[in-house]
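User: Could you take me through one part of this model in close detail, starting from a single pair of residues and working outwards? I am new to it, so please explain the terms as they come up.

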Amino acid sequence: MFRKKIYSLHRTLSLIVAIPVLLWAASGFMHPLMTNIKPQVATQKLSPVAIDSNAIRVPLTVALQKNNITAFHSVRLIHIDTKFFYQVQPEVNKAPVYLSTVNGKLLPSGDWLYAQYLARQFLDGPKDPTPAATAIPVAMVEEGHDCCNAATSCVLNNNTGSKVANVSRLTTFDKEYKYVNRLLPVYKVAFRRPDGIRVYVETTQDRFAFAMDNKRAVFDTIFQWLHTWSWLDAWGNFKLVLIIAIALMAFFTAVLGIYIFCITKTKKANGHALVRARRNHRYTAIVGALFTLAWSFSGAYHAFAKFKTDDRDAFFISNQFAPDVELNFGQLQTIINKPVSNISLVKMDEQPWWRVITMANKPPALHVKVMKNMEAPMPAVTFINANDYSILPQGEEKYAAWLAAQFSHNAASSIRSVTPVTKFNDEYNFADKRLPVWKVSYNLHNNERYFIETSTGKLSARVNDSELAEGYSFALLHKHHFMDWAGKTARDWSTMVWAFVQMAIIVIGLVLWWRAKKPK
C-alpha cells in the first residue's frame, strides 16, 4: 500500500512538472549556443591615447567660466579623432557637456556625437590603433578654425565603415537592454546593416556595454519566454513563487524517483518492448536525476534570493566641484614622469584629488573581448592633491577603502583587506559586469565584502557569507562552473549534454505514460 502511494505521488508530480521542466531544459540547452552567437564587434575595449600637455591650450577654469558652468560633478579628457575635449558632467547620471581644450567652445550635441564615435570604434575598430595625441598644430588655434565643427564632421560625415541609423539615450532598462546589463545611462546606437546591430555605450567611461543584432534578439526572446518566463513579469513576486514551487516539486520528484529505484528491482524485458523501454528509462532517469536535483535546487534558491531588493545602484558618490579648480596638466605630467592617458577629479575626506591614469609599458592588445575573456587589467593610477600637487601613496587603494566606508558606514579599523579584482569568479561573477574593481573585505556583518568601481565612485556588488552560498550554488550546480578547469567549451558541452538528458527523460516518460494509458 505504501509503495503504491509513493508510485502514485511520483507519477502525479512527474506529470505536473513535465512541461515546465521540458521548457527549462530546452532553453538551458540553447543557452550555451546563445553565448556563442553574439553580435560580432571588433573590440570591447579601446586603446588608451597618451596626451601631450600642448594639446591643452585653454585651462579648465577658463573653459568652465566661458560656458557659465558654476559647479560640476566630474571632469576628464576625451578625444574625437585628434580633437580633445573636457568632458564635464554637471551631476551624476546627467549627460556631460564637451568643451574644447583648444578654444573652450562648447561642442553642440557633444554626448550624442561621442556615443556614435565610440560605438563605431567598438563595432568596426579604430582606424588607427595609436591615434596622434601630440601637440596641436598652430593652425588649429588660428582664427577661422573650429575644432568643434571638425569633430562633428568626423562623426557625421564619416564615409567609411558602418552607417548609423539612429541614436537614443537610455536612462532606464527595457526589454532589450535588461537590468542584468547593470550600466546606466547608456546610448543605444543602431546601425544601418542587414543584421540590424545595436551597440550600447557608456560615454562617461568610454565603455562598451552591450550589443544586440536581429539573430541574437530572436534567441534572447525565446530564452526569456522559456527559461525566465518573462510572460509572467506582470505578476511580480508571484512569478517567483510559482517558479520556486515548480522547481521544488521537480526536486522532490527526483528524490522520489531515486527512492523508488532503490526499493525496486529492474524487470527483465524478455522480448517485451514496453518493459524494455521502461527499463532503459529507469537507468537513464537515475543518472539524470542527480542533475535534476542540482539544477532544481539551485534554480529555486536563485529565485528565492530575488525577493531581496538589489539596491546596489543606490550607492554612489555625488561630488560637486567649484569652477575655480586648477588643472596644471604640464605639472601633473612632470610629477608623474610617465605618459598620461587620462585624468579625473575625485573628492576624498573633503580634499580634491586628481586621479591620473598612466599608460602601460606594454601596449594593450587590440580586438579585446572583455566579457569573453572575463578579465580587465587594473590601470596604473596615481592620486595627486589638486591643491598642492603632492602624491598620495597607494591612493587608489585608499580611495576604494574610503568609498566602501561611505557605503557601509563601517569603521576603517574593521577592514580586513583591500584587494584588486581584475577577472570574474564565483564570488564576483559575470552578472556584476563592472571590471576592474576593488574588493574591500570587513571582519563584521557576516564577513561582508564591498566591490568598488573607483573610476565611477559606484558600488558594483555587496556580498556576505550567507549570500555567497547562493552564488556558489547557482554557479556550480546550475551553470556547471564545476567544469571551469576544462575551459568554457567543456562547460558548455556539459550543460548541453545534461540538459538534453533531462529532455530525453521527460519525453520518454511522457511517451511511456501515454502508451500505458491507452486502452488495450
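Analyst: In this predicted model, E202 stands opposite R207 in strand β7. The two residues belong to a pairing in which β6 (residues 198-202) and β7 run antiparallel and are joined by 5 bridges, where strands are DSSP runs of E with at least two residues, helices are runs of H or I with at least four, both numbered from the N terminus, and two strands pair if DSSP finds at least two bridges between them. Residues are numbered from 1 along each chain as its sequence is written. Local features need pLDDT (the predictor's confidence in each residue, from 0 to 100) of at least 70, side-chain atom pairs count only at 80 or more, totals for chains, interfaces and linings use all residues, and side-chain values use heavy atoms, without hydrogens and water.

Seen as a whole, the sheet around this pair is open and has 4 strands, in the order β4-β5-β6-β7 with antiparallel pairing. Its edges are β4 (164-170) and β7 (207-212), each of which pairs on one side only. Neighbouring strands are turned by 20° against each other on average, direction ignored, with axes being lines fitted to C-alpha atoms, for helices over the stretch in contact, and angles running from 0 to 180 degrees between N-to-C directions.

Helix α3 packs on this sheet and touches β4, β5 (186-191), β6 and β7, contact meaning heavy atoms within 4.5 Å, while the direction of α3 makes about 60° with that of β5. Of the 15 residues in α3, 13 are buried, and the helix is mostly covered; buried means under 20% relative accessible area, exposed over 50% and partly exposed in between, for a 1.4 Å probe and protein chains only.

The length of α3 (residues 110-124) can be checked as well: at 1.5 Å a residue its 15 residues should span 21 Å, and the end C-alpha atoms are 21 Å apart, which agrees. The expected span is 1.5 Å times one less than the number of residues. Directly after α3 comes G125, whose phi is positive, near 90°.

A word on confidence belongs here too. The chain has a mean pLDDT of 86, and 89% of its residues reach 70 or more. Over residues 129-144, however, pLDDT stays under 50, and for this stretch the model has 26 contacts beyond four places in sequence.
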